[in-house]
Structure formats: C-alpha cells, structure tokens
Amino acid sequence: MRPRSLTILVAFLATGLNAIAQMNPEERAAWNKPVKPFRIIGNIYYVGAEGVSAFLISTPSGAILLDGGFPETAPLIRQSVSELGFHLDDIKFLLNSHAHYDHCGGLTELKRRSGAKMIASEGDSTYSNGGWTLNCFDKTRPFPPVRVDRIIRDKETVELGGAILTAHLTPGHTKGCTTWTMQATDSGKAYQVVFYCSTTVAGNRLIDNRAYPSIVSDYEQSFAKLQNLPCDVFLGPHGSFFHLDEKMAALQSGRQDAFVDRDEMRKFVDQSERDFHEELTKQERALKGSGIN
Ligand SMILES: [Zn+2]
C-alpha cells in the first residue's frame with residue numbers, strides 16, 4: 001500500500017468512530033452553558049443548555065422530560081425545572097431522542113432523582129440480565145447506564161394528562177433514533193410540534209459497517225419519513241438545528257409565535273439529505289482510493 005493510500009485509509013477509518021467521542025473539553029463546556037428556561041409554545045418548555053436541548057412538557061398529571069444532555073447537564077436541567085416552578089418529581093416519563101451521551105448522559109441522574117419511568121426504543125437499548133438499559137456511554141466520564149422501563153415502537157404513544165407524544169423511529173444517526181411529535185395548543189390554536197432526532201452522519205461509518213449493515217437504507221427511509229411529517233414547530237436535540245438563539249431573542253422581544261415556521265423542517269431535512277449523500281460519496285471514494293475494496 002502506498003503512503004497516500006494509507007493516509008486515506010486512516011482518514012476513512014477515523015470516520016468510523018463516533019465524532020461525539022472526540023469532542024474536546026472546551027466545545028463540550030460551551031455546549032453545556034446554561035440557558036434561562038422559558039416556555040416555547042403551549043405546554044412545552046426549554047430546560048436544556050446552549051448546545052444540547054432538553055424539553056419539559058407539562059400536564060395536569062405531571063410532566064414529561066425529553067433528553068437529559070451530558071451527565072453534567074443534569075444539574076442545569078434540575079435548576080431550570082425548578083426555576084419554572086415545577087418539581088423534579090413532577091416528571092413521570094423520561095424520553096430520549098437518541099442514545100448519544102450528549103443527549104442521554106444526564107438521564108441516569110435525572111431518573112434517580114425524579115423516579116420517572118424511562119421510555120426508549122429497542123434500537124438504542126440493550127437487553128441483559130432480564131432488563132433493558134439505554135445504550136448510553138461516555139468514555140471520558142463513565143456513569144451507570146439508565147434502566148429502560150418501557151420499550152417504545154414505531155407509532156406508539158406516551159400519554160399523560162392529555163398530552164400525547166408519538167414515537168417515529170427514524171434510525172441512521174443511531175439504530176434507535178426516535179423523532180417525537182405532539183400537538184400543542186397556544187392561544188386557542190393547535191400546532192404540530194416535531195422533536196427531531198438527528199440525521200447527521202456525525203462520524204458514522206456508512207460503508208461496510210458490520211455493526212450496523214442497514215445504516216444507509218435506514219438513513220434513506222428516515223429522510224423519506226421525515227419529509228412527510230407535518231410540522232409547525234420544529235425542535236431538535238441541538239439548538240443550532242432550529243435556530244434556538246434567534247427564536248429565543250424574537251420571543252423575548254414579544255413575538256409570541258417565534259417558534260412557528262411551517263417550512264423549516266422540510267428545508268432542514270432536504271439539506272441533511274444532501275449532506276448525507278455527499279458524505280456517502282466521500283466515504284465510497286476513500287474506500288476505493290485505499291484499494292481495500
Ligand atoms: Zn447524536
């Protein structure tokens with residue numbers, strides 16, 4: 001193998017690692033900066049940090065929390081929940097967009113403190129010793145895995161106090177990546193809210209992925225599925241996905257519907273699909289260049 005091919009091969013193999021695993025401490029700290037909690041629309045509140053989201057859905061029978069950020073985001077979420085006037089033990093269900101440690105890392109502590117039931121997809125969980133646990137790991141700061149109380153399947157719902165959240169399995173980014181939808185009512189109007197999982201490649205190996213052979217077709221099916229989801233309010237696991245900063249500023253300046261945008265998700269899915277195909281081509285070329293295929 002020539003040196004150039006070797007370089008390409010090394011670069012290619014590096015893309016097989018999870019990009020999240022290589023996050024530097026400065027970036028991680030920047031993502032974990034606190035955000036003043038606020039009501040997004042209807043009964044949906046933002047309780048996450050700057051770079052990693054967490055959403056609280058309040059109902060008369062308690063609350064649902066979607067995502068827990070990094071392990072070190074859990075205290076921020078606790079603080080945000082109480083700042084909004086809720087109690088941690090109001091939380092009855094914990095949901096997760098996907099089992100990457102920047103979205104599931106805080107769930108262990110949040111579950112321990114709230115006593116809420118953890119609901120997750122089979123693809124993002126592992127069955128052992130008679131029970132399920134979330135596939136949530138952080139190599140740099142290990143923590144005990146969170147026990148899953150209920151496995152959720154495609155189109156199944158989580159219901160609490162009149163709120164109905166529907167799970168849409170949109171695998172690719174992770175095997176069990178789950179996009180959640182619900183209807184929110186604000187000033188007498190109903191809005192379709194989508195909590196997007198993620199469709200970025202984020203260091204995933206797309207070619208010859210032995211641990212996940214169907215990864216490419218899963219991504220493609222997820223793009224098609226997401227294109228067809230009605231969406232008035234587009235939310236996601238990272239504020240950058242849905243322009244959190246700008247919308248927060250607009251909301252603070254009095255625009256009550258700052259988070260309503262009916263075209264946003266479609267555009268996001270289109271762009272993400274283009275990025276995916278570009279990355280796929282890059283990985284195919286890298287593999288050919290390496291001469292190992
Ligand atoms: Zn992720």
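Helices and strands here are DSSP runs, a helix having at least four residues and a strand at least two, numbered from the N terminus. With that in hand, the loops of this predicted model are a good place to start. Histidine 243 sits in the loop that links strand E15 (233-235) to helix H7 (244-252). Its phi is positive, at about 55°, even though histidine 243 is not a glycine. Most residues other than glycine have a negative phi. With a relative accessibility of 37%, histidine 243 counts as partly exposed.

Another loop, the one between strand E4 (62-66) and H3, holds aspartate 67. Here too a residue that is not a glycine has a positive phi, this time of about 80°. Aspartate 67 has just 2% relative accessibility, and therefore counts as buried, the cut-off being under 20%.

Next comes the metal site. The zinc ion is held by three histidines: His98 and His173 each coordinate through NE2, while His100 does so through ND1, at 2.1 to 2.2 Å. Along the sequence, these donors follow the spacing H-x1-H-x72-H. Histidine 98 and histidine 100 are both buried.

Tryptophan 31 belongs to helix H2 (residues 25-31). It is partly exposed, because its relative accessibility is 23%. Leaving aside residues up to four places away in sequence, tryptophan 31 touches Met23, Ala49, Glu50, Gly51, Val52, Phe70, Asp102 and His238. One of these partners, glutamate 50, lies 19 residues from tryptophan 31 in sequence, and the two C-alpha atoms are 5.3 Å apart in space.

Moving on to a strand, arginine 39 is part of E1 (residues 38-41). Its relative accessibility is 35%, so arginine 39 counts as partly exposed. Ile44, Tyr45, Asp186 and Leu251 are the residues that arginine 39 touches, again not counting those up to four places away in sequence. As for glutamine 271, it is 232 residues from arginine 39 in sequence, and a C-alpha to C-alpha distance of 28 Å separates the pair in space.

That leaves the packing of helices. Helix H3 (residues 74-83) packs with helix H5 (residues 107-114) at an angle of about 45°, and their axes are 9 Å apart. The two helices are therefore oblique to each other, and the crossing of H3 past H5 is right-handed. On the H3 side, Ala74, Pro75, Ile77 and Arg78 make the contact; H5 brings Glu109, Leu110 and Arg113. Sorted by class, the residues of this contact of H3 with H5 are four nonpolar and three charged, with no polar ones.

Helix H6 (residues 215-227) and helix H8 (residues 264-290) form a second pair, with axes that come within 9 Å and cross at roughly 165°. That angle is why H6 is roughly antiparallel to H8. The crossing of H6 and H8 is left-handed. From H6, the residues involved are Val216, Tyr219, Glu220, Phe223, Leu226 and Gln227. They meet Met265, Arg266, Val269, Asp270, Ser272, Glu273, Phe276, His277 and Leu280 in H8. The contact of H6 with H8 has eight nonpolar residues, along with three polar and four charged ones.

How values were computed: Residues numbered from 1 in each chain as written. Predicted model: local features only at pLDDT ≥ 70, side-chain atom pairs only at ≥ 80, totals over all residues. Heavy atoms only, no water. Axes fitted to C-alpha atoms, helices over the stretch in contact; angles between N-to-C directions. Parallel < 35°, antiparallel > 145°, perpendicular 65-115°, else oblique. Left-handed = near helix turned anticlockwise from the far one by under 90°. Contact = heavy atoms within 4.5 Å. Nonpolar A, V, L, I, M, F, W, Y, C, P; charged D, E, K, R; others polar. Donors = N, O, S within 2.8 Å, 3.2 Å for Na, K, Ca; no water. Buried < 20%, exposed > 50% of the residue type's maximum accessible area, 1.4 Å probe, protein only.
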